[in-house]
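Me: I am new to this structure and would like to understand how each label is earned. Could you take my questions in turn and set the values against their cut-offs?

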Amino acid sequence: MKVLVAIKRVIDYAVPVRVKPDKSGVEALIPKMSMNPFCEIALEEAVRLKEKGVAGEVVAVSLGPQHFQETLRTALAMGADRAVHVSSEACGLSAQGGEQPQPLGVARVLAALAKRENAGLVLLGKQAIDDDCNQTGQMVAGLLGWPQATFASKLEAAKGDPRVRVTREVDGGLEVLSLPLPAVVSADLRLNTPRFVTLPAMMRAKKRPIESATLEQLGLSAADVAPQLRTVVVEEPPRRKAGSRVADVGELVRRLREEARVL
Amino acid sequence: ASTLLFVEHNGEGKVAPATLAAASAASQFLPGPLEALVCGFGEALASTAASVAAVPGVTKVWLASDPSLERPVAEPLSKLLSRIAAKHQPSHLLAASTAQGRNLLPRTAALLGTQPVTDVVKILDENTFVRPIYAGNAFATVQFSTPPPAVRVVSVRPTAFAAGAAAAASSPPAGASPAPVEPVAPELLHELGDVVSARWEGQDVRSSGRPELGSAKVVVCGGRALKSAENFAMLEELADQLGGAVGASRAAVDAGFVPNDLQVGQTGKVVAPDLYIGVGISGAIQHLAGMKDSRTIVAINNDPEAPILSVADYGLVQDLFTAVPQLIKEVREIKEQAGSA
């Protein structure tokens, strides 16, 4: 079985961001980009499936500007067999204008890739930590007409088994689904802990090719990935006014009763 | 213009508080009638529909009863929603951004070929919405650039609209009669059970008897500094004294002190209670994203440099094992005084 893993490059999760002065978006205080943490978890799960002999090949795929290839290289170093990059610049999305592909466009590309690669399983992160959309996996599943299990915290699969069993995190607890393959699964935090990429693995990955695919090859047009939403403005969150320190529990309780009136 | 609202319920007649918040958002900020869709199967469905019919702002309830809808599985539900959207052509398809809403709505939008807007905290007009990005470190105002009649698929963050829902529920308009309930057209349910779909195999959903985390008026959250699952009992006692819910940081969940569904933060639950008490929580941005809209924030931490103290209205720098038992005692005394007065 072939497993397709979607990869997004984002500002590193530990880097603080601020709203740009022209309010067109956000910028990182330190220029450090990384693989979206949830994509890392999805990829780790795919590599483990391969190590267990359940998956035959792991293909990491990404739609984005040229520099996304660096993150695909990290994916190769983590254990992906192949990497496929679809250039967003070639899709008519200008990097200068800050035009990002939106989840529906990304999902159309991923669905086309899943069909072309004849994937048995598509693994994605449940959300990207930049736009926090939490949409792409569900949309890929819908477009393909495949069953979906989002927010997975456990994935049980066996070689040759036509179904996978997924434990998902839902409001109030956990839910177990059994999915006929092919299927789409999105990873939650507790699915696994991704491995560290070693330097020798990174060096080896540098020598390996990254394949390119164009919209035309995937049977899509620029209109399929064109944004449907326009970002009007990006603003700072309202600041909370500075609070105060209390000396002890007695003062805390008194002020919660008299000032805040919540006790 | 009209809005079709997906109703989340527990299968036993109870409508999710998050759906009431979404109904409030629609009736306040979206134009046209508000029609609610209740999907499910079984005896309790009629009473669910009846309670939705009484929700302020709801003008009509559509009832979809089918064996394939007994559990909230995304494949048949999204198929049904996309069929209804195509037939009824509402201007907006709305749901609360809960685990269920997040699972279902984007899939439905994909079937309709439209880009959804998820986790909306403000509705500026029928085409313009505000949503948090980067764990709430910024707010993006986004606008549909596609012309109507493409349906706008939108999920709303319940805590952002909960106040309106509470106000409407406490003072229903005088003389309001419930909205009519009508079954959906039979062709909309045709062969819904034949959709390639996941099979629901079971759940592990515990009921603590406390208010639901997402809609509780008081939330007591604990972090890794609690050191053990046993020590969380202390927070449960405090929450029970205050009539609140218990939550946790990711660190406390990962350490196994509490189950995953109690996680508050960017990737967990978003809470905005009247009173939030963070105990032994340092305040990573991912956690702050889930609680900084709380009305009053209390932080108890022995580290004077903990980032949570910068957003707290009241910061107490003290060992939690000293402070929390004392706080429980004082809160209990207040309640006893109030009880005897």
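Me: What makes Ser34(A) count as buried or exposed?

Reply: This is a predicted model, and the values discussed here are computed from it. Ser34(A) has a relative accessible area of 17%, and buried means under 20%, so Ser34(A) is called buried. The residue lies in strand E5 of chain A, which covers residues 33–35. Ser34(A) and Phe68(A) are separated by 34 residues in sequence, while their C-alpha atoms are 9.5 Å apart in space.

Me: What does chain A as a whole look like, and how many of its residues are buried?

Reply: Of the 263 residues in chain A, 56% count as buried. The chain has seven helices and 15 strands, and its C-alpha trace spans about 65 × 45 × 40 Å along the principal axes.

Me: How do you know what length to expect for helix H1 of chain A?

Reply: The expected span is 1.5 Å times one less than the number of residues, and H1, made of residues 37–51, has 15 of them. That gives an expected 21 Å, and the helix reaches 21 Å from its first C-alpha to its last, so the two are close. Buried residues of H1(A) include Phe38(A), Cys39(A), Ile41(A), Ala42(A) and Leu43(A), and Glu44(A) and Glu45(A) are also among them. After the helix comes Gly53(A), with a positive phi near 85 degrees.

Me: Why is Cys91(A) not part of a disulfide?

Reply: A disulfide requires two cysteine sulfur atoms within 2.5 Å. The closest cysteine sulfur to that of Cys91(A) belongs to Cys39(A) and is 18 Å away, so the pair is too far apart for a bond. Cys91(A) also counts as buried, because its relative accessibility is 6% and the cut-off is under 20%.

Me: Which cysteine sulfur is closest to that of Cys133(A), and what follows for a bond?

Reply: Here too the closest sulfur is in Cys39(A), at 13 Å, which is too far for a bond when the pair must lie within 2.5 Å. Cys133(A) has a relative accessible area of 13% and is therefore buried. A search of the whole structure over all chains finds zero disulfides.

Me: What makes the phi of Lys23(A) worth pointing out?

Reply: Phi of Lys23(A) is near 60 degrees, a positive value in a residue that is not glycine. Lys23(A) is found in the loop between strand E3 (17–19) and strand E4 (26–28) of chain A. With a relative accessibility of 40%, Lys23(A) falls between the 20% and 50% cut-offs and so counts as partly exposed.

Me: Is Ala135(B) buried or exposed?

Reply: Ala135(B) is buried, because its relative accessible area of 6% is under the 20% cut-off. Its phi is positive, about 55 degrees, although the residue is not a glycine. Ala135(B) is found in the loop between strand E7 (128–133) and strand E8 (138–144) of chain B.

Me: Why is the peptide bond from Leu181(A) to Pro182(A) called what it is, and what is its omega?

Reply: The bond is called cis, with an omega near 0 degrees. Pro182(A) is found in the loop between strand E11 (173–180) and strand E12 (183–187) of chain A.

Me: How many cavities does the structure hold, counting those of 30 Å³ or more?

Reply: There are five cavities of 30 Å³ or more, and the largest holds about 370 Å³ of space. Of the 27 residues lining the largest cavity, Lys8(A), Cys39(A), Val106(A), Ala128(A) and Thr136(A) are the closest to its centre. Its lining divides into 13 nonpolar, eleven polar and three charged residues.

Me: Which residues lie nearest the centre of the second largest cavity?

Reply: Among its 19 lining residues, those nearest the centre are Gln127(A), Asp132(A), Asp119(B), Arg157(B) and Gln266(B). Helix H4 (99–112) and strand E5 (117–120) of chain B are the elements that give two or more residues to this lining. About 210 Å³ of space lies in the second largest cavity, and its lining has six nonpolar, nine polar and four charged residues. Domain 1 (3–194) and domain 2 (213–340) of chain B each contribute at least three residues to the lining of the second largest cavity.

Methods:
Residues are numbered from 1 along each chain as its sequence is written. Chains are lettered from A and ligands numbered from 1 in the order in which they are written. This is a predicted model: local features need pLDDT of at least 70, side-chain atom pairs count only at pLDDT 80 or more; totals for chains, interfaces and linings use all residues. Side-chain values use heavy atoms; hydrogens and water are left out. Helices (H or I, at least four residues) and strands (E, at least two) are DSSP runs, numbered from the N terminus. Buried means under 20% relative accessible area, exposed over 50%, partly exposed in between (1.4 Å probe, protein chains only). On a 1 Å grid over the protein atoms alone, a cavity is a set of points where a 1.4 Å probe fits but cannot get out, and a pocket is an open set with protein on both sides within 12 Å along at least five of seven lines; lining residues have an atom within 4 Å of a point. Grid points are joined across faces, edges and corners, and a volume is the space filled by probe spheres set on the points. Ala, Val, Leu, Ile, Met, Phe, Trp, Tyr, Cys and Pro count as nonpolar, Asp, Glu, Lys and Arg as charged, and the others, Gly among them, as polar. Domain bounds come from an automatic or database domain assignment.
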